[in-house]
Amino acid sequence: MAHEHQFDGGAVEGERGDDRDSGVAQVTFRVTSYVVLWLWSVLRYRSEADRWHVLLACWAGLVDTASPRVAAHLQVAMRFRDDTGGQVVPSRRPYNRWRDQQPDRDELPSASALARTFGGWPAVAEAVGMNVAPDVLARRVTQNGRRLSKTELVTVLRLWRQSNPPELTYRRYRVWAQAANHDPGRPVAWVPVSRGIFIQHFGGWADALHAAGLIDDEQLALARADQIAPHERKIDEQVILTALRDAAAAHPDARLTAALYLTWRNRQIDAGGRPAPPHLTTVQQRMGSWHEALLAAGLIDEAQSTAGLRKGGRRVPDRQVMRCLTTAVRAVGPDITRRQYRRWRERQLAVGVRPMPVSDAAIVNRFGGWPKAVDAAIEVLKTTNTQSKEDEIMASHHEGRSRRERERSAALERAARREQVLDDLRAAMETLPPGQPLTIHAYLRWREQHLADRWPPPVAVSSIRRRFGNWSEAVRLARGDDDAQAATA
Amino acid sequence: MSDHSPADHAPPAAAGPVSELARALAELVARMPTDERRAIARLLAHSLAAPSRAMLREDVLGLLAELCRHGEKITVQQYEAARAERAAHGQSWPSHATLMRRYGRDSDDHGARWRKALQAAQRLVWLGAAARVPASYRHAPASAAYTRGQVTLAIRRFAWSHNGVFPTQWEYEEWVRLQRLHATEDPRLPGIEQIAKLFGSWDRAVQVARREEADDQARG
């Protein structure tokens, strides 16, 4: 049965009471036996036959026959049940019919009296084990009760303090609360275990302790400082460096890589190492990069750090990037698109070309865009001294140039490229009879004939359209429309 | 204590075999203290006396949902054949007329009423709980708006039938559901929404009902 208690001393309040002040139906603290809760959890979704079977076992001897009236009326109800073979559920009409047939009719209670004794016909049926009556209050047995107030929580904390815990931590409190709830002689009826309820009421565990008078203002301030969430907590650099050194010491034969560090860290955590070593992301964020962290920990020297081992991993040399791109331009053509480059690279990787071609993303990152990269590669291919041109172009991309200079250079490159396209169009027009417009079809035919003998090769129609917006505009400009040219310039 | 034990009689509704687990638990509860037995008996009795909406729906629509699980269009004849077959195995399912009455309208013709029952079963099969298929489409008809007095009276009626205990919102809802389930005519019990519309909140309505009850008792 559910026991209901007042909080302030654990006195039994009674079966039920009403909370007159709040207006809400009173649900006081109650502690239902764990056996009952377990039985209910097992039985609640079992078949009707199973539930009936256990219910009848529960009912055995439960009918309260302390009152002679109840005992007498129960006897009558049992007689009715037995005479009808247990097939007729007790109710007013069947009972009256049965009663009229009895020789001692006048000594039997009336239907109303019988129903009144048990609180209604469903209750009569229930009393004789033939039916059950709904009891919407039954679920109160499984309820924990209303929300605890601040005062009650403070009382609980003070009671906990009386047990002289070695430290006033929530972990210690939880152990005490769980034990208290299982103890039949507990000082209070129900002890909250969750920390959430203290946080809801007081804002934090330390604040709850402070409200209960268990810690003073100074201790509260200190505790608040310790209550920084893990993601906000700043890990000391020394902790990071120590962890790196420990990881390196665990692998004396290998250079400490990020993957190796993570493996070591996971092993430490699995082995119960507390606090856990900082995560790789934390190391990188706090120290700038993995290699800077290694340098700070003294695991690599300055030379190793600067010789290509920079943030983001090993950097592919510029010259290699340019060679890769120029090879692709030669193989695919000057109009190579990013997708074409990707396919070309996949083919190279499939046949095992070394060094491996760099990814298109790496090229874009290095040049700031795919068209820029292709233009740079074409420029390199135009020159005879490829080596120096490569260096010069790459240097222009990476060294010493201000952003404005780079933008100006790019604008000039774009203009040069534009002139080249117009030259191609003009060359194609010259092959046509006078007065005949240059159609796309005618240009394509001309381009096909001159792909091999012109360098750079004539641009594709799609490039022309992209550059000038549409074909007619490109042809108009190529024809020498000065106004239009000036406007465009 | 009576010499007639309620446990002497098998329950009228106990259909099907009792599992070994239930037998073992019955032996266990027989040795439990009276208070604990009373608590578990209350819970079990309520679960048996107040079947959930899902239980009620399954009792009505279960067989049809089984038959049309692949989207078949089950005819009345097919349903009745399956029902007779199940009856031979001791299962009791409602007749097609019951299904048509529960899911069809009086104005519908025979075919339309059966189609509605079939659609309800198919929605239950394909959409599951999201379909919110009830045990019957025969909901309470629209009735006159409730007054404040009717609301407080309903809450007080609960208290009268439960030894003066005023309900929580959930308890009131469950009680109203059961009252409507067994009523032959509209019991004039407002739902939670209607109460909230009149009083702003459930708690406020209970407060007023409590005061009215106290005033009436003071007046004698």
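**Notebook: helices, a buried arginine and salt bridges**

I began with helix α7 of chain A, where I found A:Glu152, A:Leu153, A:Val154, A:Val156, A:Leu157, A:Leu159 and A:Trp160 to be buried. I note at the outset that this is a predicted model. I then checked the length of α7(A), residues 150–162: its 13 residues should span 18 Å at 1.5 Å a residue, and the end C-alpha atoms are 19 Å apart, which agrees. After α7(A) comes A:Asn164, for which I noted a positive phi, near 55 degrees.

**Both chains in outline**

For chain A I counted 26 helices and four strands, and I found 42% of its 489 residues to be buried. Taking the contacts in chain A between residues at least 6 apart in sequence, I found that 54% join residues at least 24 apart. The accessible surface of chain A comes to about 27,200 Å², with 49% of it belonging to carbon and sulfur atoms.

In chain B I counted ten helices and zero strands. Buried residues account for 43% of the 220 residues in chain B, and of the contacts between residues at least 6 apart in sequence, 58% join residues at least 24 apart. Chain B exposes about 12,400 Å², and carbon and sulfur atoms supply 51% of that area.

**B:Arg57**

I looked next at B:Arg57, which lies in helix α3 (residues 53–67) of chain B. Which side chain of opposite charge is nearest to B:Arg57? It is that of B:Glu58, 5.2 Å away, and B:Arg57, though buried, has no salt bridge; the cut-off for such a bridge is 4 Å from nitrogen to carboxyl oxygen, so a separation of 5.2 Å does not qualify. What I did find is the backbone oxygen of B:Val133 lying 3.1 Å from a polar atom of the B:Arg57 side chain. Leaving aside neighbours within four places in sequence, I listed the contacts of B:Arg57 as B:Gly62, B:Leu124, B:Val133, B:Pro134 and B:Ala135.

**Salt bridges**

Over all chains the structure holds 21 salt bridges, and I followed several of them. In chain A, the side chains of A:Arg79 and A:Asp104 meet in a salt bridge at 3.0 Å, N to O. This pair links distant parts of the chain, with A:Arg79 in helix α3 (residues 68–83) and A:Asp104 in the loop between α4 (92–100) and α5 (111–118), 25 residues apart. I class A:Arg79 as partly exposed because its relative accessibility is 29%, and A:Asp104 likewise counts as partly exposed, at 22%.

In chain B, I found the side chains of B:Arg156 and B:Glu213 joined by a salt bridge of 2.7 Å, N to O. B:Arg156 belongs to helix α7 (residues 148–161) and B:Glu213 to helix α10 (residues 202–219), so the pair ties together parts that are 57 residues apart in sequence. Are these two partners buried or exposed? Both B:Arg156 and B:Glu213 are buried.

I then moved along helix α10 of chain B to B:Arg219, which forms a salt bridge with B:Asp216, the closest N and O atoms being 3.5 Å apart. Both residues lie in that helix, three residues apart, about one turn. B:Arg219 counts as exposed because its relative accessibility is 67%, whereas B:Asp216 is partly exposed, with a relative accessible area of 35%. Salt bridges that share partners join B:Arg156, B:Glu212, B:Glu213, B:Asp216 and B:Arg219 into one network.

Key. Residues numbered from 1 in each chain as written. Chains lettered and ligands numbered in written order. Predicted model: local features only at pLDDT ≥ 70, side-chain atom pairs only at ≥ 80, totals over all residues. Heavy atoms only, no water. Helix = DSSP H or I, 4+ residues; strand = E, 2+ residues; numbered from the N terminus. Buried < 20%, exposed > 50% of the residue type's maximum accessible area, 1.4 Å probe, protein only. Contact = heavy atoms within 4.5 Å. Areas by Shrake-Rupley, 256 points an atom, 1.4 Å probe, with all protein chains shown as cover. Expected span 1.5 Å × (residues − 1). Lys, Arg positive; Asp, Glu negative; His and termini not counted. Polar contact = N/O pair within 3.5 Å; in protein donor to acceptor, adjacent residues only side chain to side chain.
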